[in-house]
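I opened a new structure today and kept notes as I went. These are the entries, in the order I made them.

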Amino acid sequence: MVKILVVDDSIIMRNIVKNTFASLKVPFDCLEAENGNQALQLLESNNITIVFLDWNMEGMDGIEFLKVVRAMPKYKSLPIVMVTSEKGKFSVIKALKSGATDYIVKPVIEKVFKNKVTELLVLARD
């Protein structure tokens, strides 16, 4: 079973990501965090398959979370998808350089989400 971690300070966005993921028809379990600090605790105590991460959050933001997680050898290949309203070219580059596996701009378009996530799930199983 796929275990996803959705990290966003907005419960509405967490629900959108969960519901969009559910449309993939892949059995999954979902954990949620409101910021990077909570996400880090959940990551350490669970076997997460893929992380969906917002950028702008109180406490530890998405970029800080990426840097901390990517510094840990056991998470070097964990798929982490930024799902954010930060859509400028500089922001995308910064996120990818910080360790994001992929990038989805809000509002989430179901077809884009499905294509990117399906590809990542295949890679995660290999």
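The entries below go through cores, salt bridges, a cavity and a few single residues.

**Entry 1: the model**

I note at the outset that this model is predicted.

**Entry 2: nonpolar cores**

I looked up the largest nonpolar core. It has 24 residues. Which of them have the most contacts inside it? I found L5, V51, L53 and F65.

I then asked which elements each supply at least two residues of this core. The strands are β1 (2–7), β2 (28–33), β3 (50–53) and β4 (80–84). The helices are α2 (36–45) and α3 (62–70). Helix α3 gives the most, with four residues.

I also found a second, separate core. This one has 19 residues, including I4, C30, V83 and V108.

**Entry 3: contacts of L5**

I went back to L5, one of the residues with the most contacts inside the largest core. I left aside its neighbours within four places in sequence. L5 is then in contact with L31, E32 and A33. Its contacts also include A39, L42 and L43. I48, I50, V51 and F52 are in contact with L5 as well.

**Entry 4: T20**

I checked T20 next. It sits in helix α1, which covers residues 11–22. Is T20 buried or exposed? Its relative accessible area is 11%, so T20 is buried, the limit for buried being under 20%.

I listed its contacts without residues up to four places away in sequence. T20 touches V108, E110 and F113. V108 is the residue I had already noted in the second core.

**Entry 5: salt bridges**

I searched the whole structure for salt bridges. How many are there? The search finds eight. I wrote up some of them.

E32 pairs with K18. The closest N and O atoms are 2.6 Å apart. The pair links distant parts of the chain, with E32 in strand β2 and K18 in helix α1. They are 14 residues apart. E32 has 30% relative accessibility, so I count it as partly exposed. E32 is also on my contact list for L5.

K74 pairs with E44. Here the closest N and O atoms are 3.8 Å apart. K74 lies in the loop between α3 and β4, and E44 lies in helix α2. This pair is 30 residues apart and again links distant parts of the chain. K74 is exposed because its relative accessibility is 57%, and the limit for exposed is over 50%. E44, at 41%, counts as partly exposed.

D102 and K116 meet through their side chains, at 3.0 Å from N to O. D102 is in strand β5 (residues 102–105), and K116 is in helix α5 (residues 110–125). The two are 14 residues apart. Which of the two labels, buried or exposed, fits D102? D102 is buried, with a relative accessible area of 19%. K116 counts as partly exposed at 25% relative accessibility.

I also found a network. Salt bridges that share partners join D8, D54 and K106.

**Entry 6: the cavity**

I searched for cavities of 30 Å³ or more and got one. The largest cavity has a volume of about 30 Å³.

What lines it? I listed V6, V7, D8, M13, V17, F52, L53, D54 and V83. The elements β1, α1 and β3 each supply at least two lining residues. I sorted the lining into seven nonpolar, no polar and two charged residues.

Several of these names were already in my notes. D8 and D54 belong to the salt-bridge network. L53 is listed for the largest core, and V83 for the second.

**Entry 7: L24 and K114**

I ended with L24. Where is it? L24 is found in the loop between α1 and β2. Its relative accessibility is 17%, so L24 counts as buried. Beyond its neighbours within four places in sequence, L24 is in contact with K114, V117, T118 and L121. L24 and V117 are 93 residues apart along the chain, yet their C-alpha atoms are separated by 8.8 Å.

I followed K114 from there. It is in helix α5. K114 counts as partly exposed, at 28% relative accessibility. Leaving out residues up to four places away in sequence, K114 touches S23 and L24. I also took the C-alpha separation of K114 and F28, which is 14 Å. They lie 86 residues apart along the chain.

Note on methods: Residues numbered from 1 in each chain as written. Predicted model: local features only at pLDDT ≥ 70, side-chain atom pairs only at ≥ 80, totals over all residues. Heavy atoms only, no water. Core = buried A, V, L, I, M, F, W, Y, C linked by side-chain atoms within 4.5 Å. Buried < 20%, exposed > 50% of the residue type's maximum accessible area, 1.4 Å probe, protein only. Contact = heavy atoms within 4.5 Å. Salt bridge = Lys/Arg side-chain N within 4 Å of Asp/Glu carboxyl O. 1 Å grid on protein atoms, 1.4 Å probe; cavity = no way out; pocket = protein on both sides within 12 Å on 5 of 7 lines; lining within 4 Å. Points joined across faces, edges and corners; volume = space filled by probe spheres on them. Nonpolar A, V, L, I, M, F, W, Y, C, P; charged D, E, K, R; others polar.
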